[in-house]
Amino acid sequence: MPQSAPGNLPEGEGFDFYVLALSWSPSYCEANGEDANRQQCGAARPYGFIVHGLWPQFERGYPANCPTDRSLDVPQDELRALYNIMPSAGLIRHQWKKHGTCSGLSRQDYFATLRAARDRIRIPADYGKTGAYKTVDPAALERAFLAANDGSDAAGIVVTCDERFVSEVRICMTRELDFRTCPELERSACRLPEAVMPPARGG
């Protein structure tokens, strides 16, 4: 019998652990301008941290675009059910095709596990939504996530940046969605002393 993740979800197989990537949506919208996804970055732009993806990982490297006999499409009802944490149909479909197919899970179980992983994380109060541009120390943002999430480890969380913007917070989790270390992730850590978090505009 396969072990279960929280909520009795089937546990994935064929990889070692997950990385949950939480993207600061306003950074993506601002950096990409007119090329940004309109569903995510329309005039309201209310989103703060959203789920970029839940990525199966090996201890070194990661699988991607795995062969599957399952459909690569995601039905509309499943898309709508995810929009509050992943507000882009294109992003959802891409994540299933590139990463979900490598999880050993059905599409429904993969997205249920993705939601369970997101539900495991508390966003620090000071970094929920910002009404104005905010300059932050990426190391301080990492410490805030550590403080807000009991059991997390500094060797299992990194903040990434894209030029001058805070891009993502990446968190390593076991296949059972417990926190774990993953030193290889440190290679993607932001090296800037300061980075900008553009504002979410409402919502």
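Biologist: Let's start with one residue in this predicted model. Where does His-99 lie?

Modeller: To place a residue, look at the elements on either side of it. His-99 is in the loop that runs between helix 4 (89–98) and helix 5 (107–119).

Biologist: Does that loop residue count as buried or exposed?

Modeller: Go by relative accessibility, where under 20% is buried. His-99 has 5%, so it counts as buried.

Biologist: And what does His-99 touch?

Modeller: Set aside the residues up to four places away in sequence, and you get Leu-54, Trp-55, Pro-56, His-94 and Tyr-110. Trp-55 deserves a second look: its side chain and that of His-99 are joined by a polar contact of 3.4 Å.

Biologist: Now for another loop residue. Where would I find Arg-164?

Modeller: Use the flanking elements again. Arg-164 is in the loop between strand 6 (157–162) and strand 7 (165–173).

Biologist: How does accessibility class Arg-164?

Modeller: The class between 20% and 50% is called partly exposed. Arg-164 comes out at 48% relative accessibility, so it counts as partly exposed.

Biologist: Which residues does Arg-164 touch?

Modeller: Leaving out those up to four places away in sequence, Arg-164 touches Glu-30, Leu-192, Ala-195 and Val-196. There's also a C-alpha distance to look at: Arg-164 and Ala-31 are 133 residues apart along the chain, yet their C-alpha atoms are separated by 9.3 Å.

Biologist: What about the chain as a whole, how much of its contact set links residues 24 or more positions apart?

Modeller: Take the contacts with a separation of 6 or more. Pairs 24 or more positions apart account for 75% of them.

Biologist: Which pattern do the helices and strands follow?

Modeller: Count first, then read in order. The chain has 6 helices and 8 strands, and along the sequence they go β-β-β-α-α-β-α-α-α-β-α-β-β-β.

Biologist: Why would you say the radius of gyration agrees with a compact globule?

Modeller: Compare the value with what the chain length suggests. A compact globule of 203 residues would be near 17 Å, and this chain has 16 Å, so the two agree. Along the principal axes, the C-alpha trace spans about 50 × 35 × 25 Å.

Biologist: How much of the chain is buried, and how much area does it expose?

Modeller: Buried residues make up 49% of the 203. The chain exposes about 9800 Å², with carbon and sulfur atoms supplying 48% of that.

Biologist: Last one: how many charged side chains are there?

Modeller: Tally each sign, then compare the centres. Here there are 23 positive and 26 negative side chains, and the centres of the two sets lie 4 Å apart.

Notes: Residues are numbered from 1 along each chain as its sequence is written. This is a predicted model: local features need pLDDT of at least 70, side-chain atom pairs count only at pLDDT 80 or more; totals for chains, interfaces and linings use all residues. Side-chain values use heavy atoms; hydrogens and water are left out. Helices (H or I, at least four residues) and strands (E, at least two) are DSSP runs, numbered from the N terminus. The radius of gyration is taken over C-alpha atoms; the globule rule is 2.2 Å times the number of residues to the power 0.38. Buried means under 20% relative accessible area, exposed over 50%, partly exposed in between (1.4 Å probe, protein chains only). Contact means heavy atoms within 4.5 Å. Accessible areas come from the Shrake-Rupley method with a 1.4 Å probe; for residues, only the protein chains shown count as cover. Lys and Arg count as positive and Asp and Glu as negative; His and the chain ends are not counted. The place of a charge is taken as NZ of Lys, CZ of Arg, CG of Asp or CD of Glu. A polar contact is a pair of N or O atoms within 3.5 Å; within protein, one must be able to donate a hydrogen and the other to accept it, and residues adjacent in sequence count only if both atoms are side-chain atoms.
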